[in-house]
Each structure stands twice: as structure tokens, then as C-alpha cells.
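Me: Please take a close look at a single part of this structure, a loop and one residue in it. After that, set the part in the context of the rest of the chain.

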Amino acid sequence: MPMDGTAAAPAYLRITDVTKMFGDFTALKDVSLEVNEGEFVCFLGPSGCGKTTLLRAIAGLDIQTAGKVEQAGADISALPPAERDFGIVFQSYALFPNMTVRRNVAYGLENTKMAKADIEKRVTELLELVGLPDQGDKYPAQLSGGQQQRVALARALAMSPGLLLLDEPLSALDAKVRVHLRAEIKDLQQRIGVTTIMVTHDQEEALTMADRIVVMNQGVIEQVGTPQDIYGRPATAFVADFIGTMNFVPGSVIADGRVSVGGTELTVDTEGRAPGTVVTVAIRPEDVAVHDADMSSENAFEVTVQHMEFLGSFYRAEIGSGAFADHVVQADFSVNLVRRNDLKVGGTTRVSFPPAFIRLFTGDVR
């Protein structure tokens, strides 16, 4: 509930206990999720995790086996796609090759009772909106991949849907166009305020575009949160491993706030775990800090630099130490830091694992 005491607005899209079976295979298992009006949500996960199946259930393209889908307070669980309020953009664009850009965008409008002049006006507005005001008389084959995707987006928005569904819309494009278009799509979504759900397997797309990310794995939701939450506070080892790069080192709880790792003890929030609990210590490479002389000695140890890879603005180093049971840990060091400390393969230095950046997971998750 908001701080002013007013009731929170009801979710625009509510998915409750949705299960989808394909024969004996469970593609979705008791999935529940709420999406707010105007929100940009990404379904993120590896191939086969259920993200596209969930999107198709929302669209009515694959009706769920069990569970409920509600949109704007109405139960749409059994409605066919034509009776649901959404626009959709596919990875393959799905444009009609024998129709001009204007005809493609106008296709859905032509099946309504809208006057021809109003259709022309709406199509002109949409082509302006997606940055293609002068491309209306061309055919899809005369456009680049990025331009074709803009046309598909304009067509999906033509009927002013309450919900925009994007099924891996950028994966067929080259990297440079993809980066440019994802910024354009996010900007467009914010300007028109349409509730949007995008399926992607690209974590960078999700992190840069989404208001919230839904991480899926094997038909269930692992975690829902902002990009900052998902990256900085992963709820499960799967999320920690799938998003970004994460080091995993086995250990065990020895006391409240203390974990044994290899030949040393770490200070870390043990979150009430009992002494003797087997855990996995997780820390991202960019959070491993080179231990300068004026730093505290907390979670600091001597390491040997075993390998260094130059990645432009930083080096990714592999460091080893008996302090963490001879496991190799990756650490990202800025170019300036490497120069200043004269770090090199075979050399030694002291690093620390800042307690605030360590995550613990119960069990050995390697």
C-alpha cells in the first residue's frame, strides 16, 4: 500500500497458477505473476525454460492446461486471440511481402469500420512514431532488418492495444542494430505508456530495457525483480549464474556471521543458517577488490595471478589461493589499477571479498 494510505492500483495483468502441459511434458508449472499498467516486463531465461509458452498463454495462442489469466479485471483465460486486447511482434517480423509498408501497418485497421481517411491518418502517425515517415510505399524486402522490425511494431500498435507482446523481437538483428533498436523500443514504450511484455534470452537486453525481470527456469519463475535486484541480489544460484558472471566457492557456516572457505574464514551475513551448514559463497568478478594498504584486513588474502585477459577497459584475471580452497576465482581489474599495482601473470597481490557483495546459497551448487 502506498505511503499516503491510498489503495494500490490493481494489477493490469494477473496470471494465477498457470500450468501448461504438452503430453507428459510440463512446460509451465503453477506460474503466478502480476504486471502493472504501463510496466515493461521481460521474461528472461535459457531456451526451453517456458518463457515463450507463458507469452503464448497470455495471448491465447496456446491455452493453458490449468490456471487463470486476467487482463484489466476481466478473465480472459478461455478467450481466443482475436477477442483479447493485445498487439504482438514476432522474431520473424511476419510482414506480408506482397503489401507495402502502409498496407502492412493498416492491415488490422482495414478489418474495422474505421473510415479510410482515418486509417490513412493513423498509419501516418504510426510510421512517424517508429521513425519511418518516408518508407510507406516500399515493400518489406526493400527495408533493412531493423526497419522491418519497426514496421512490425507499428502494425502491433495500430489498434491501440492495452498490452504489447514482444517475442524475441531483436534476436534476428546484428549486434549494433540490436543495441540501437532496444533503446528506441524502450523510449517508444515510455512515450505511449503501453503495458509491455518481452521474451528474451539475452540478459543485456533485459537489464537495459525492463522495469522488472521475470527469470524463468524449467517452467517455473526463479525470481521477479528490478534489474538491480536481479543482478545484485540474486535469490537463487541459478539466477546468480545465469545473470552476468559469478564466482562460486564451497564453504560451511562456522558461526553467526562467519563462514569457512578453504583455509580461511570470511565475515558474511549467514542469514540465520546453523553452524555446519554447507554453503556456496558467491561473488561477482567486479566486486573482488585489490587490497590497498589503507584497507581493513576483513576477508583479505594473498593470491597469485594465474591468467589475465585484456578486455579493453578492464582486465579479467584468474586468481588462485589456498585461502579459497585452491579454486580459481575471476576478478575484474581496471586498466589503471593493473598499471598502478604492476599486476602480471605469476605475480602476487592481496585481494578482499567485501562482505556487502557476498551472496550465500545453501548447499554445494557448483
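Reply: Glu168 sits in the loop between strand 7 (163–167) and helix 5 (175–192). The model is predicted, and in it the phi angle of Glu168 is near 45°, a positive value in a residue other than glycine. Is Glu168 buried or exposed? Its relative accessible area is 12%, and because the limit for a buried residue is under 20%, Glu168 counts as buried.

A second loop residue can be described in the same terms. Asn299 is placed in the loop between strand 15 (289–290) and strand 16 (300–310). Phi of Asn299 is near 55°, again positive in a residue other than glycine. Asn299 has a relative accessible area of 5% and is therefore buried.

Back at strand 7 (163–167), Leu166 belongs to the largest nonpolar core, which has 42 residues. Val105, Leu153, Leu166 and Ile185 are the residues that touch the most other members of that core. Helix 4 gives the largest share of this core, with 6 residues. Which residues does Leu166 touch, leaving out those up to four places away in sequence? They are Phe40, Leu55, Val89, Leu153, Ile185, Thr196, Ile197, Met198 and Val199. Two of these names, Leu153 and Ile185, appear above among the core residues that touch the most other members. Apart from the largest core lies another one, made of 29 residues, with Leu266, Val288, Phe301 and Val338 among them.

Helix 4 (145–157) also takes part in the largest pocket, where this helix and strand 6 (86–89) each supply at least two residues of the lining. Strand 6 gives the most to that lining, with 4 residues. The pocket has a volume of about 610 Å³. Its lining consists of 23 residues, and those nearest the centre are Phe86, Gly87, Ile88, Arg155 and Met159. By class, the lining divides into 16 nonpolar, 4 polar and 3 charged residues.

The second largest pocket holds about 260 Å³ of space. It is lined by 16 residues, of which Gly232, Ala356, Phe357, Ile358 and Arg359 are closest to its centre. Helix 7 (227–232) and strand 20 (359–362) are the elements that give two or more residues to this lining. The classes here are 8 nonpolar, 1 polar and 7 charged.

The whole chain gives the setting for these parts. It has 9 helices and 20 strands. There are 366 residues in the chain, and 46% of them count as buried; Glu168 and Asn299 are among the buried ones. Along the principal axes, the C-alpha atoms fill a box of roughly 75 × 50 × 45 Å. The chain exposes about 17400 Å², and carbon and sulfur atoms supply 50% of that area. Of the contacts between residues at least 6 apart in sequence, 65% join residues at least 24 apart.

To return to the part asked about: Glu168 lies in the loop between strand 7 and helix 5, has a positive phi and is buried.

Conventions
Residues are numbered from 1 along each chain as its sequence is written. This is a predicted model: local features need pLDDT of at least 70, side-chain atom pairs count only at pLDDT 80 or more; totals for chains, interfaces and linings use all residues. Side-chain values use heavy atoms; hydrogens and water are left out. On a 1 Å grid over the protein atoms alone, a cavity is a set of points where a 1.4 Å probe fits but cannot get out, and a pocket is an open set with protein on both sides within 12 Å along at least five of seven lines; lining residues have an atom within 4 Å of a point. Grid points are joined across faces, edges and corners, and a volume is the space filled by probe spheres set on the points. Ala, Val, Leu, Ile, Met, Phe, Trp, Tyr, Cys and Pro count as nonpolar, Asp, Glu, Lys and Arg as charged, and the others, Gly among them, as polar. Buried means under 20% relative accessible area, exposed over 50%, partly exposed in between (1.4 Å probe, protein chains only). Contact means heavy atoms within 4.5 Å. Accessible areas come from the Shrake-Rupley method with a 1.4 Å probe; for residues, only the protein chains shown count as cover. A nonpolar core is a set of buried Ala, Val, Leu, Ile, Met, Phe, Trp, Tyr and Cys residues joined through side-chain atoms within 4.5 Å.
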